[in-house]
Amino acid sequence: MPNECDIQISEATIRRVRRKLGWKMENARYCQLVREPNKIKRMAFCLKAFREEDVFNNVIFTDETFVQMEQYARVCFHKDGTQPKRKDRPKHPLKVHVWAGISWRGATQVCIFSGCMESIGYQTILERNLLPFVRRVYPDGHRMWQDNDPKHTSNSTKKWMKDNGIDHWVTPPESPVSNQTYIYDLLQLLNSCILLHVRHN
């Protein structure tokens, strides 16, 4: 700009004007890249839901995540002329995995587990936590949402769902609205609640 318009503007002035115009800076949040073929599938899926006026009030949205049980401060304080004290941190911090489901009529039980989960373990979680919820809360019919994780879509899991009357609501792959926005925000809230519960007990 100085070369083109012969104007000298400081970075502080730019930041001040930007704030006055209502712009604020946050850390960038990235969403899932959707490939062209899946964009078409996603659009068809959304248009179908729009035409049918689907309000998703019989959908049980399920997912799992992990919660790191220890928190480490990113800053420390030390006096001038002294070296900051190094803090111990394990190479592999303790963490637990959490599965849960939410719906218009309420939430499932929260299942906390450790270790790696494969198809059989996933089916056990559904048997203990999803089936009772479906029978109690959705005797008139339901749809169960899950992402396309291999253990969710394995032949073994598909057979288990069919045998147990679970109506798997199949959605297109790479669906950022469900995968990255609402579910992500809810999982962040769930993480905070679990950490608060652990620290008080």
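Of the 201 residues in the protein chain, 29% are buried. Keep in mind on this tour that you are looking at a predicted model.

**Stop 1: the whole chain**

Colour the chain by secondary structure to begin. You should find seven helices and five strands. Follow the chain along its sequence and the pattern goes α-α-α-β-β-β-β-α-β-α-α-α. Now switch on a surface. The accessible surface of the chain is about 15,600 Å², and carbon and sulfur atoms account for 55% of it. One more thing before zooming in: take the contacts between residues at least 6 apart in sequence, and 72% of them join residues at least 24 apart.

**Stop 2: two surface patches**

Select Ile7, Ile9 and Ile14. Together they make a nonpolar surface patch of about 250 Å². Click on isoleucine 9 and you'll land in the loop between helix 1 (2-5) and helix 2. Is isoleucine 9 buried, partly exposed or exposed? Its relative accessible area is 44%, so isoleucine 9 is partly exposed.

Next, select Arg16, Arg18, Arg19 and Lys20, which form a positive surface patch. Lysine 20 sits in helix 2, a helix covering residues 11-20. With a relative accessible area of 71%, lysine 20 is exposed.

**Stop 3: a salt bridge across the sequence**

Time for charged pairs. How many salt bridges does the count come to? The count is eight. Start with arginine 143 and aspartate 54: their closest N and O atoms are 2.8 Å apart in a salt bridge. Arginine 143 belongs to strand 5 (residues 143-145), while aspartate 54 is in the loop between helix 3 (36-51) and strand 1 (59-68), so this salt bridge ties together parts that are 89 residues apart in sequence. Look at how covered arginine 143 is, too: its relative accessible area is 15%, and the cut-off for buried is under 20%, so arginine 143 counts as buried.

**Stop 4: another salt bridge between loops**

Select arginine 105 and aspartate 140. Their side chains meet in a salt bridge, at 2.9 Å from N to O. This pair links distant parts of the chain, 35 residues apart: arginine 105 is in the loop between strand 2 (95-103) and strand 3 (106-107), and aspartate 140 is in the loop between helix 4 (119-137) and strand 5. Try comparing their exposure. Arginine 105, at 40% relative accessibility, is partly exposed, whereas aspartate 140, at 55%, is exposed.

**Stop 5: a little network around lysine 151**

Jump to lysine 151 in helix 5 (residues 150-153). Which residue forms a salt bridge with lysine 151, with closest N and O atoms 3.2 Å apart? The partner is aspartate 149. Salt bridges with shared partners join Glu64, Asp149 and Lys151 into one network.

Would you call lysine 151 buried or exposed? Its relative accessibility is 14%, so lysine 151 counts as buried. Aspartate 149 is partly exposed, at 24%. To see what surrounds lysine 151, show Glu64, Met117, Glu118, Ser119, Tyr122 and Thr157: lysine 151 touches these residues, leaving out those up to four places away in sequence.

**Stop 6: histidine 142**

Go to the loop between helix 4 and strand 5 and pick histidine 142. With a relative accessible area of 8%, histidine 142 is buried. What is histidine 142 in contact with, leaving aside neighbours within four places in sequence? Show Asn58, Ile60, Val134, Gly165, Ile166 and Asp167 to see these contacts. You can also draw a C-alpha to C-alpha line from histidine 142 to serine 103: the two are 39 residues apart in sequence and 9.9 Å apart in space.

**Stop 7: two backbone oddities**

Most residues other than glycine have a negative phi. With that in mind, visit the loop between helix 3 and strand 1, where you'll find glutamate 53. Its phi is near 55°, a positive value in a residue that isn't glycine. Glutamate 53 is exposed, with a relative accessible area of 66%.

Stay in that loop between helix 3 and strand 1 and select phenylalanine 56. Phenylalanine 56 isn't a glycine either, yet it has a positive phi of about 60°. At a relative accessible area of 31%, phenylalanine 56 is partly exposed.

Definitions and conventions. Residues are numbered from 1 along each chain as its sequence is written. This is a predicted model: local features need pLDDT of at least 70, side-chain atom pairs count only at pLDDT 80 or more; totals for chains, interfaces and linings use all residues. Side-chain values use heavy atoms; hydrogens and water are left out. Helices (H or I, at least four residues) and strands (E, at least two) are DSSP runs, numbered from the N terminus. Buried means under 20% relative accessible area, exposed over 50%, partly exposed in between (1.4 Å probe, protein chains only). Contact means heavy atoms within 4.5 Å. Patches are made of residues with over 30% relative accessible area and no salt bridge: like charges are joined within 9 Å, nonpolar side chains (Val, Leu, Ile, Met, Phe, Trp, Tyr) within 5 Å. Accessible areas come from the Shrake-Rupley method with a 1.4 Å probe; for residues, only the protein chains shown count as cover. A salt bridge is a side-chain nitrogen of Lys or Arg within 4 Å of a carboxyl oxygen of Asp or Glu. Lys and Arg count as positive and Asp and Glu as negative; His and the chain ends are not counted. The place of a charge is taken as NZ of Lys, CZ of Arg, CG of Asp or CD of Glu.
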